[in-house]
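Visitor: Please show me the structure. I have some questions about how the chain is packed.

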Amino acid sequence: MVSGGGYQGKTETVCEIAAAFEDSWRALHATNPQAVPGTRDLWVPVAYVQTPVTAKPKSTCKAILDFYGTPTKRMDLPELIRQVAASLADHGTKVLILDDITRLRMHRVDDQDTLDLIRAFMSMHVTLVLVGVDIPGSGLLREGRSPTVSGTGRRPVNGWEPTQTERRFDLVELDRFRYDTPEQIMAWTSHLAGIENHLRLLKAQPGMLPAGTMPEYLYARTDGVVGLLERLIEDGCTHAVATGTEALTSALLDELPLALAEAGRHRAADEVPELPTPRRTRATARSRPGRRNGAFDDPGPAAQPAVGP
């Protein structure tokens, strides 16, 4: 399970790793080692499926079969499950990625049945990778159970009892970038340097993103969320090309609001993050004249009391 906030690059990270695995697996086996002689070899080592918004066992099976282009009309649930097992085996699929898994809500019976079905997929000789927003907080690991001893209203002495889901999956947390310690700042600037290497702006200078006050500015605009950073830089490059600026500056990015594309994302499942509130960085604070600080001004000698004649 890969968990994290919205727009934090979970899907992109998982797909990059899965693509590297598929390349190495295809290099190791020139053809599908499970291919049946005399049949067409459609080799799919990695399958990517998005969890339906209203997930049920039948709709989940149909989403998987749609990836393979398998007809699903007039199939009941047992037939769909058998067809999923057959498709995974016939196509030599080793990794099944189920994205947006936190669309499952454990207070619904259909979603609990879907989670049972997903665990059953593990017996089909395929590695499951589940991706979602805040998986620990969604209740998937607890399978909708209350963290108390049944009938007592209290927690177990040795902690929560592990569920079948907790035993079968390893949880990986992807957090946003931080900007508090030198190591965290170095990681952020290194990421910006990597992005800069892929930009093709005619007037871009070395260090356009990782040097000067830009790292602090970009962090203030995006709160360290890589998806928001990618969106801001993409819109900035489009604006820089359209205006002939051909470079990214804080002044140019100040003209652009941070807008998110919500197509294909479910806001109720926290797949669309809250945008960071605009705040002044030290760079913008220095560039804007403010009220003069007179804390160290010398007021002069104290007034002497008047002396009468």
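Guide: Here is the model, which is a predicted one. The chain exposes about 18,400 Å². Carbon and sulfur atoms supply 54% of that area.

Visitor: How many helices and strands does the chain have?

Guide: The model is predicted, and the count is taken from its atoms. The secondary structure comes to five strands and eleven helices.

Visitor: What percentage of the residues in the chain are buried?

Guide: A residue counts as buried under 20% relative accessible area. The chain has 309 residues, and the buried part is 39%.

Visitor: What share of the contacts with a separation of 6 or more is between residues 24 or more positions apart?

Guide: Take the contacts in the chain with a separation of 6 or more. The share from residues 24 or more positions apart is 67%.

Visitor: Which element gives the largest share of the largest nonpolar core?

Guide: This core has 30 residues, and Val84, Leu96 and Phe121 touch the most other members. Elements giving two or more residues to the core are strands E2 (46-50), E3 (95-99) and E4 (127-133), with helices H2 (57-68), H3 (77-90) and H4 (109-121). The largest share is five residues, and the element is H2.

Visitor: Which residues does phenylalanine 121 touch, not counting residues up to four places away in sequence?

Guide: Phe121 is one of the core residues that touch the most other members. Beyond four places in sequence, its contacts are Cys61, Ile64, Val84, Leu96, Val126 and Leu128.

Visitor: How many residues are in the second, separate core?

Guide: This core includes Leu199, Met214, Leu228 and Leu258. It is separate, and its number of residues is 25.

Visitor: Are H2 and H4 parallel or oblique to each other?

Guide: The axes of H2 and H4 come within 8 Å and cross at roughly 45°. Angles under 35 degrees count as roughly parallel, and 65 to 115 as roughly perpendicular. An angle of roughly 45° therefore makes H2, relative to H4, oblique.

Visitor: How many residues of the contact of H2 with H4 are charged?

Guide: H2 brings Pro57, Thr60, Cys61 and Ile64 to the contact. H4 brings Asp110, Asp113, Thr114, Leu117 and Phe121. Five residues are nonpolar and two are polar, and the number of charged residues is two.

Visitor: Is isoleucine 81 buried, exposed or partly exposed?

Guide: Isoleucine 81 is found in helix H3. Outside four places in sequence, isoleucine 81 touches Cys61, Leu117 and Met124. Its relative accessibility is 27%, so isoleucine 81 counts as partly exposed.

Visitor: How far apart in space are isoleucine 81 and leucine 117, C-alpha to C-alpha?

Guide: The two residues are in contact. They are 36 residues apart in sequence, and their C-alpha distance is 8.7 Å.

Visitor: Is threonine 70 buried or exposed?

Guide: Threonine 70 sits in the loop between H2 and H3. Leaving aside neighbours within four places, threonine 70 contacts Leu65, Gln83 and Ser87. Its relative accessible area is 14%, so threonine 70 is buried.

Visitor: How are H7 and H8 oriented to each other, roughly parallel or roughly perpendicular?

Guide: Helix H7 (residues 182-196) and helix H8 (residues 214-222) pack with their axes 10 Å apart. The angle is about 95°. H7 and H8 are therefore roughly perpendicular.

Visitor: How many residues of the contact of H7 with H8 are charged?

Guide: H7 contributes Trp188, Thr189 and Leu192, and H8 contributes Pro215, Leu218, Tyr219 and Thr222. The split is five nonpolar and two polar, with the number of charged residues being zero: there are no charged residues.

Visitor: How many of the nine residues of H8 are buried?

Guide: H8 is mostly covered. Its buried residues include Glu216 and Arg221. The number buried is nine of nine.

Visitor: What is the phi of aspartate 223?

Guide: Most residues other than glycine have a negative phi. Aspartate 223 is not a glycine, yet its phi is positive. Aspartate 223 lies in the loop between H8 and helix H9 (226-243), and its phi is about 60°.

Visitor: Is histidine 125 buried or exposed?

Guide: Histidine 125 lies in the loop between H4 and E4. Its phi is also positive, near 60°. Relative accessibility is 68%, so histidine 125 counts as exposed.

Conventions. Residues numbered from 1 in each chain as written. Predicted model: local features only at pLDDT ≥ 70, side-chain atom pairs only at ≥ 80, totals over all residues. Heavy atoms only, no water. Helix = DSSP H or I, 4+ residues; strand = E, 2+ residues; numbered from the N terminus. Buried < 20%, exposed > 50% of the residue type's maximum accessible area, 1.4 Å probe, protein only. Contact = heavy atoms within 4.5 Å. Areas by Shrake-Rupley, 256 points an atom, 1.4 Å probe, with all protein chains shown as cover. Core = buried A, V, L, I, M, F, W, Y, C linked by side-chain atoms within 4.5 Å. Axes fitted to C-alpha atoms, helices over the stretch in contact; angles between N-to-C directions. Parallel < 35°, antiparallel > 145°, perpendicular 65-115°, else oblique. Nonpolar A, V, L, I, M, F, W, Y, C, P; charged D, E, K, R; others polar.
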